[in-house]
Amino acid sequence: MDNKLIGRIIATEKCPTTMDKFTFWTDSNLKLHAFDIVKIGHIDGSFSYGVIENISHITDAQSFLTSFISSDFGNVEIEAPTLRVGMNYVEASVSFNDKNLYTPVHSGSPVYLATANEIKVALGLDKIQNQLVCGSLKMYEDTTDEITLPVCLNSKFILGPEGAHLNISGISGLASKTSYAMFLMKAIQEQYMKKSQDDEDSVAFVIFNVKGKDLMAIDRENDFEEGGIEERDRVYAEYESLGLSTSPFKQVHYYIPYYSNMTEKRSTYLSKEDVEDYIKDGKLHKFKYSYDDDKESLEMLFADVDDPQQTMEAIISKIIDDNDPDFNGISTWDEFREKVDELSQRSQPAGKGQQRASNEISVLSWRKFKRIINKAIKNDEMFANRPNVSKGECRLADKLKHISSNDICVIDIAKLPEDKQAFVFGDAVRTIYNLKLGEYDSETGVNPPSRIVIFIDELNKYSSKDTPKSSPILREILDVTERGRSLGVVLFGAEQFRSNIHQRVTGNCSTHAYGRTNSIETATKDYGSLPSTYKNMLTRLEQGDYLIQNPVFRSLLKIKFPKPIYKQFKK
């Protein structure tokens, strides 16, 4: 197929071509877009390829006033009698040369539209190994030359060991952060389910449902109530074009906070009938926390509490000390709260040199501890006695320890208050991290997959720049992002504003997905590496569009992904 000639390179005294940049003129009516790829004839019979960054229109008018005067001093009803010579000039960045020659392209060199194969070469998509589909891209959109191509990542650069972790940002609703993360996880699960059982490379997923019941039916098919059969067929065709099946997720298990059937106050947005059906099918368990098994996780309740003197940390250390005289022998949450109440009522020592109550921990600290604990666990059925397995109850950590290849564990925390959401999230992340460290290898039936993906939306709640440095959850997330790659623990995090996330978290992510956001966000230094045109595009991306950055791509890519294939709930 012959390339379509669309323009010629411009190099002027004030605007020269460089090793990285070039400009070319083209027809004013030719439809081109940012991220389109063009091909340039270069020296030694080589070709360079460039990514369009900006398009401008210029005429021979010396100033705005010239145009105003030529229209009879501002008469908008008449056509200007003076014909202005106009053209479009396009600014682009060099992405690749097929003979590795990065000498600046010459003035007058021909500029062509690239073919599908040339686009793959220009972007580095032709040499990607361990391919994992992450969406599709369109070149020369809305023209007769439009090209649609699937885009693949190297799975080792998102799941490890070459690189790991994904960060997705964008404003709520329009950016579809959860939908994109779920699309990627579907592609990963399908890829790994094709592997033989003898293959040591395996994966499992732990997903936190934080909004309504959005992710509480991912193993059920989307009924496409709004779009009907036409939309269903279109979405199915998109999945098939990307080499993916049209079936929802497999091997899904749901976990909701425990509530008794005697109360009307449910801990989930699922209907009572859905809960009963899931339990009957063996898909759902209600999780509990018992004092004996879970007292060491109490620090997760203090993730957002400033503790400069580390008094809260000292109290928790005292509680988990099996030889402590105050807490030795306590086995229930009620007994625990009674002991905390007792310690918070002891009078302060009267004289100087007298030992403070309760091993140097002040009564005021005990009272602060008591307020936080009572708010969290008092009258909460989730903090109860040990679970009754025969009634579909479980200890969440025990289930996560026994996660298997291709399993998807959906943990529902949507209806919990923020402090208890943090508690459940922190406890689960710590369990997974310790599992991969080998701390549970001696227990029966523990055989974790080589990689475990953790997905959490609203990551800013746990690892923002304002999160206290002493936060145990922040410590766990930093451990995962900084050392999890070598262990096989991978974080997929999403948030509205990337600029609010701790820099050590985003800095350790190998893949970044930028969804639609606002101009205030793009003005922050987190977007400083993006060309101004791309920043402006971020404010008007359509739903289902993302800019993707990954080490294997030679340039930032604008990709699309299809709508979810699993059941959607009406808002």
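User: In this predicted model, are tryptophan 366 and phenylalanine 369 buried or exposed?

Analyst: Both tryptophan 366 and phenylalanine 369 are buried. The term applies to residues under 20% relative accessible area. The two residues sit in helix 9 (residues 363-377), 3 residues apart, which is about one turn of the helix.

User: What is the overall setting of these residues, in terms of helices and strands?

Analyst: The protein contains 16 helices and 19 strands. Its C-alpha atoms fill a box of roughly 95 × 60 × 50 Å along the principal axes. Of its 571 residues, 52% count as buried.

User: How many aromatic pairs are found in the whole structure, and why is the pair of tyrosine 180 and tyrosine 546 called stacked?

Analyst: The search of the whole structure finds 27 aromatic pairs. For tyrosine 180 and tyrosine 546, the ring centres are 5.0 Å apart and the planes meet at 25°. Centres must lie within 6.5 Å for a pair, and planes under 30 degrees apart count as stacked; both conditions hold, so the pair is stacked.

User: Where in the chain do tyrosine 180 and tyrosine 546 lie?

Analyst: Tyrosine 180 belongs to helix 3 (residues 177-193) and tyrosine 546 to strand 18 (residues 545-549), so the pair links distant parts of the chain, 366 residues apart.

User: How do you know whether tyrosine 180 and tyrosine 546 are buried or exposed?

Analyst: The relative accessible area is 1% for tyrosine 180 and 0% for tyrosine 546. The cut-off for buried is under 20%, and therefore tyrosine 180 is buried, as is tyrosine 546.

User: What makes tryptophan 366 and phenylalanine 369 an edge-to-face pair?

Analyst: Their rings are 6.0 Å apart, centre to centre, with 85° between the planes. Since the limit for pairing is 6.5 Å and planes over 60 degrees apart count as edge-to-face, the name fits this pair. Both residues also belong to one aromatic cluster, whose members include Phe287, Tyr289, Trp333 and Phe423.

User: How many salt bridges are found in the whole structure, and what makes aspartate 201 and lysine 195 one of them?

Analyst: There are 34 salt bridges. The side chains of aspartate 201 and lysine 195 meet at 3.9 Å, N to O, and the criterion is a nitrogen to oxygen distance within 4 Å. The contact therefore qualifies as a salt bridge. Lysine 195 is partly exposed, because its relative accessible area of 29% falls between the 20% and 50% limits.

User: How do you know that aspartate 223 and lysine 567 form a salt bridge?

Analyst: The closest N and O atoms of aspartate 223 and lysine 567 are 3.5 Å apart, which satisfies the 4 Å limit. The pair links distant parts of the chain, 344 residues apart: aspartate 223 is in the loop between strand 10 (203-209) and helix 4 (228-241), and lysine 567 is in the segment after strand 19 (557-560).

User: Why is aspartate 223 called partly exposed, and why is lysine 567 called buried?

Analyst: Aspartate 223 has a relative accessible area of 38%, and it is therefore partly exposed. Lysine 567 has a value of 16%; buried means under 20%, so lysine 567 is buried.

User: What supports the salt bridge between glutamate 231 and arginine 234, and where do these residues lie?

Analyst: The closest N and O atoms of glutamate 231 and arginine 234 are 3.8 Å apart, within the 4 Å limit. Both residues lie in helix 4, 3 residues apart, about one turn of the helix. Glutamate 231 is buried at 13%, whereas arginine 234, at 42%, counts as partly exposed.

User: Which residues are linked in a network of salt bridges?

Analyst: Asp294, Arg395, Asp398, Lys401 and Glu443 are linked in such a network.

User: Which residues make the nonpolar surface patch, and why is phenylalanine 68 called partly exposed?

Analyst: Leu65, Phe68, Ile69 and Phe73 make this patch of about 420 Å². Phenylalanine 68, located in helix 1 (residues 64-70), has a relative accessible area of 41% and is therefore partly exposed. Patch members need over 30%, a condition that the 41% of phenylalanine 68 meets.

User: What charge does the surface patch with Glu276 carry, and how do you know how accessible glutamate 276 is?

Analyst: Glu273, Glu276, Asp277 and Asp281 gather in a surface patch of negative charge. Glutamate 276 is in helix 5 (residues 272-280). Its relative accessibility is 45%, so glutamate 276 counts as partly exposed.

Terms used:
Residues are numbered from 1 along each chain as its sequence is written. This is a predicted model: local features need pLDDT of at least 70, side-chain atom pairs count only at pLDDT 80 or more; totals for chains, interfaces and linings use all residues. Side-chain values use heavy atoms; hydrogens and water are left out. Patches are made of residues with over 30% relative accessible area and no salt bridge: like charges are joined within 9 Å, nonpolar side chains (Val, Leu, Ile, Met, Phe, Trp, Tyr) within 5 Å. Accessible areas come from the Shrake-Rupley method with a 1.4 Å probe; for residues, only the protein chains shown count as cover. Lys and Arg count as positive and Asp and Glu as negative; His and the chain ends are not counted. The place of a charge is taken as NZ of Lys, CZ of Arg, CG of Asp or CD of Glu. Helices (H or I, at least four residues) and strands (E, at least two) are DSSP runs, numbered from the N terminus. Buried means under 20% relative accessible area, exposed over 50%, partly exposed in between (1.4 Å probe, protein chains only).
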